[in-house]
Amino acid sequence: MVELFLIHPILFYAFLDVSSWAYKKNLPIIVTNVLDKQKDSETDSHPQGRAIDISVIHWPDRSIREADNYFDAKYGKIAAISGKTGKPNFFVYHKTKKEGSKWHIHLQINAKYRKWD
Ligand SMILES: [Zn+2]
């Protein structure tokens with residue numbers, strides 16, 4: 001997945017950290033989207049290289065919650081601001097409204113790190 005090298009280096013670093021965490025727990029990292037804008041997305045975080053999606057297939061709920069708490073605390077300073085809460089949110093576990101969308105992990109960094117407009 002060559003697109004992976006087009007994301008912001010800060011996101012790439014944090015993504016590798018999440019990958020390393022998952023590897024130690026035997027959880028697969030399957031990247032499902034890098035640069036494609038989701039149809040109902042309100043931001044351009046993906047096309048701007050500020051977000052990456054990971055499948056949660058074979059991730060138990062407990063591990064998703066643990067990763068969510070751990071990485072939100074760790075990367076709060078570089079996180080994108082949630083449109084819903086107005087607070088930094090790096091690790092987002094969600095499902096978009098797009099038909100066929102599956103629950104997944106969306107990692108996102110702040111808009112100040114945008115690479116392209
Ligand atoms: Zn996403």
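Trainee: What makes the radius of gyration of this predicted model agree with that of a compact globule?

Mentor: The rule takes 2.2 Å times the number of residues to the power 0.38, and for 117 residues this puts a compact globule near 13 Å; the protein has 13 Å, so the value agrees with the rule. The C-alpha atoms fill a box of roughly 35 × 35 × 30 Å along the principal axes.

Trainee: Which elements make up the protein, and in what order do they run from the N terminus?

Mentor: There are two helices and six strands, and from the N terminus on they follow the order α-β-β-α-β-β-β-β. Among contacts between residues at least 6 apart in sequence, 64% join residues at least 24 apart.

Trainee: What makes the strands E1, E2, E6 and E5 an open sheet, and which of them stand at the edges?

Mentor: A pair of strands needs at least two bridges, and that cut-off can be set against each pairing in turn. Two bridges join E1 to E2, five join E2 to E6, and four join E5 to E6. The order is therefore E1-E2-E6-E5, with antiparallel pairing, and the edges are strand E1 (31-33) and strand E5 (91-94), each of which has a single partner strand, so that one side of each is left without a neighbour in the sheet. The twist averages 35° from one strand to the next.

Trainee: Which residues stand opposite Asn33, Ala51 and Phe91?

Mentor: Asn33 stands opposite Asp53 in E2, Ala51 stands opposite Gln108 in E6, and the bridge partner of Phe91 in E6 is Leu107.

Trainee: How do you know that H1 packs on the sheet, and which strands does it touch?

Mentor: Helix H1 touches E2 and E6, and its direction makes about 140° with that of E6. Within H1 (9-24), one can look at Ala14, which touches Tyr75, Ile78 and Leu107 when residues up to four places away in sequence are not counted.

Trainee: What makes E6 a mostly covered strand?

Mentor: A residue is buried if 20 or more other C-beta atoms lie within 10 Å of its own, and four of the five residues of E6 are buried. Over the whole protein, buried residues make up 22% of the 117 residues.

Trainee: How many residues does the largest nonpolar core have, and which have the most contacts inside it?

Mentor: The largest nonpolar core has 17 residues, and those with the most contacts inside it are Leu11, Ala14, Ile52, Ala79, Phe90, Phe91 and Leu107. Helix H1, strand E2 (51-55) and strand E6 (104-108) each supply at least two residues of this core.

Trainee: Why does Asn26 count as exposed?

Mentor: The cut-off for an exposed residue is 12 or fewer C-beta neighbours, and Asn26 counts as exposed because it has 8 inside 10 Å. Asn26 lies in the loop between H1 and E1, and its phi is near 65°, a positive value in a residue other than glycine. Most residues other than glycine have a negative phi.

Trainee: Is His58 buried or exposed, and where does it lie?

Mentor: With 10 C-beta neighbours inside 10 Å, His58 therefore counts as exposed. The place of His58 is in the loop between E2 and helix H2 (61-74), and His58 has a positive phi of about 70° although it is not a glycine.

Note on methods:
Residues are numbered from 1 along each chain as its sequence is written. This is a predicted model: local features need pLDDT of at least 70, side-chain atom pairs count only at pLDDT 80 or more; totals for chains, interfaces and linings use all residues. Two residues are in contact if their C-beta atoms, placed from the backbone, lie within 7 Å. A nonpolar core is a set of buried Ala, Val, Leu, Ile, Met, Phe, Trp, Tyr and Cys residues joined through C-beta atoms within 7 Å. Axes are lines fitted to C-alpha atoms, for helices over the stretch in contact, and angles run from 0 to 180 degrees between N-to-C directions.
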